[in-house]
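Please keep the model open in your viewer and follow the selections in the order given. Each stop says what to select and what is found there.

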Amino acid sequence: MNSPAPINENGFADLHLHTLFSDGTFTPEELALRGGQAGLAALALTDHDTVEGCQRMALACEGLGIEFIPGAELTAEHHDREVHLLGYFLDVHHPTLLAEIKKFQAVRQDRVREMAAKLNQLNVPLRAETVFELANCRSPGRPHVARAMVQEGFCASLEEAFERFLKKGRSAWVPKYKISALDAMDLIHQAGGLAVLAHPGLNRNDDVIPDLAGLGLDGLECFHTRHTARMSEHYLNMAQRLKLAVTGGSDCHGFSKGKPLIGTVKLAAVYLERLKEARQSPAGAA
Ligand code: AMP
Ligand code: ZN
Ligand code: FE
Ligand code: FE
């Protein structure tokens, strides 16, 4: 992948985006186009447990004069708490990364089968195959199960599917095997990337942040759709204290969660430049 000209100092980036290679609804090309329309100068693709969309998105961004950062969002855990780790500047051909991703995806597919089996026991005759056909990707998740339930008329809305069946602790919820945060960060570093903790404000557990910083975390997603201005301020202070890079993004899933969010969170170019500087001395480097 060629690296285009660096982001203009007045430009903005959206570094948290999903396509239909995981649970978003846009193709990489549609997402790049919408990024351009939103006036963004740089975009990162961070699909759940996959980098499959990155090459297409890189090409689309190149054609539009947008800087592109290949990434992924890995579901991990630290002391039994789920954390999402964003990997940026990943080598999308790295054999170890691809082998691990294959395992995560197998776990996701098994989990869909288990959720369908639970639903069947609850007299909801959803077939796992229906979910796979609808998802049409290797990283299926609960949003796809919820969409299939609506499509088949078992629930009126995605919210209802989550509330009644799929939320943590609900009747068809299935826990997911997760890689440890330490292993996820190692994997990201092995693949040449930087590891950033996604949406810390949603975790409601700031204690993990100094812990992860000590274990190799490179950055903190201070700006996110679901962060209030106060939360962003709080995490900016924390990032400064812990010497972590600052990132931000909309977490756009296309039409899967209401309106497309791309461009509604704008990261100033200076932060992206600092993130790139952190590549010269990643926290995980020996
Ligand atoms: P999974 O990777 O299968 O655990 O699914 C996680 C995805 O489900 C994320 O994109 C979440 O934003 C989405 N999700 C989690 N809880 C809800 C909810 N209550 N309503 C809608 N989407 C949700
Ligand atoms: Zn998602
Ligand atoms: Fe996430
Ligand atoms: Fe996300």
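## A walk through helices, metals and a turn

Begin by selecting Gln109, Val112, Arg113 and Ala116 in H3, which meet Ala128, Val131 and Phe132 in H4. By class, this contact of H3 with H4 consists of five nonpolar residues, one polar residue and one charged residue. Bear in mind throughout that what you are looking at is a predicted model. If you now display the two helices as axes, helix H3 (residues 95-121) and H4 come within 8 Å and cross at roughly 135°. H3 and H4 are therefore oblique to each other, and their crossing is right-handed.

From H4, move along to Gly141, which is found in the loop between helix H4 (128-135) and helix H5 (142-151). Is Gly141 buried or exposed? Gly141 counts as buried because its relative accessibility is 6%, the cut-off for buried being under 20%. For a sense of distance, add Ala13 to the selection: the C-alpha atoms of Gly141 and Ala13 are separated by 27 Å, and the two residues are 128 residues apart along the chain.

Next, select helix H1 (residues 28-37) together with helix H2 (residues 54-64), whose axes come within 8 Å and cross at roughly 35°. H1 passes H2 in a right-handed crossing. On the H1 side the contact is made by Pro28, Glu29, Leu31, Ala32 and Leu33, and on the H2 side by Arg56, Met57, Ala60, Cys61 and Leu64. The residues of this contact of H1 with H2 divide into eight nonpolar, two charged and no polar.

The tour now turns to the metals. Select the zinc ion (ligand 2), and then ask which residues coordinate the zinc ion (ligand 2). The donors are His48 (NE2), His253 (NE2) and Asp23, which is listed twice through OD, at 2.0 to 2.5 Å. In sequence, the donor residues of the zinc ion (ligand 2) follow the spacing D-x24-H-x204-H. The histidine pair links distant parts of the chain, since His48 sits in the loop between strand E2 (42-45) and H2, while His253 sits in the loop between strand E8 (245-249) and strand E9 (267-268), 205 residues apart. His48 and His253 are both buried.

From the zinc ion (ligand 2), step across to the iron ion (ligand 4), which is 4.6 Å apart from the zinc ion. Adding Glu73 to the view shows a bridge between the iron ion (ligand 3) and the iron ion (ligand 4), which lie 3.6 Å apart. The iron ion (ligand 3) is itself coordinated by Glu73 (OE), His84 (ND1) and His199 (NE2), at 2.0 to 2.2 Å, and the donor residues are spaced E-x10-H-x114-H in sequence. Glu73 lies in strand E3 (residues 67-78) and His84 in strand E4 (residues 81-88), so the pair ties together parts that are 11 residues apart in sequence. Both Glu73 and His84 are buried.

Finally, follow the chain to the loop between E3 and E4, where His79 lies and where Asp80 is also placed. His79 has a phi near 50°, a positive value in a residue other than glycine, and Asp80, although not a glycine, likewise has a positive phi of about 65°. Why does His79 count as exposed? His79 counts as exposed because its relative accessibility is 63%, and Asp80, at 70% relative accessibility, counts as exposed too.

Notes: Residues are numbered from 1 along each chain as its sequence is written. Chains are lettered from A and ligands numbered from 1 in the order in which they are written. This is a predicted model: local features need pLDDT of at least 70, side-chain atom pairs count only at pLDDT 80 or more; totals for chains, interfaces and linings use all residues. Side-chain values use heavy atoms; hydrogens and water are left out. Axes are lines fitted to C-alpha atoms, for helices over the stretch in contact, and angles run from 0 to 180 degrees between N-to-C directions. Helices (H or I, at least four residues) and strands (E, at least two) are DSSP runs, numbered from the N terminus. A crossing is left-handed if the near helix is turned anticlockwise from the far one by less than a right angle, and right-handed if clockwise. Contact means heavy atoms within 4.5 Å. Ala, Val, Leu, Ile, Met, Phe, Trp, Tyr, Cys and Pro count as nonpolar, Asp, Glu, Lys and Arg as charged, and the others, Gly among them, as polar. Donors are N, O and S atoms within 2.8 Å of the metal (3.2 Å for Na, K and Ca); water is not among the atoms, so sites may look incomplete. Buried means under 20% relative accessible area, exposed over 50%, partly exposed in between (1.4 Å probe, protein chains only). Angles under 35 degrees count as roughly parallel, over 145 as roughly antiparallel, 65 to 115 as roughly perpendicular and the rest as oblique.
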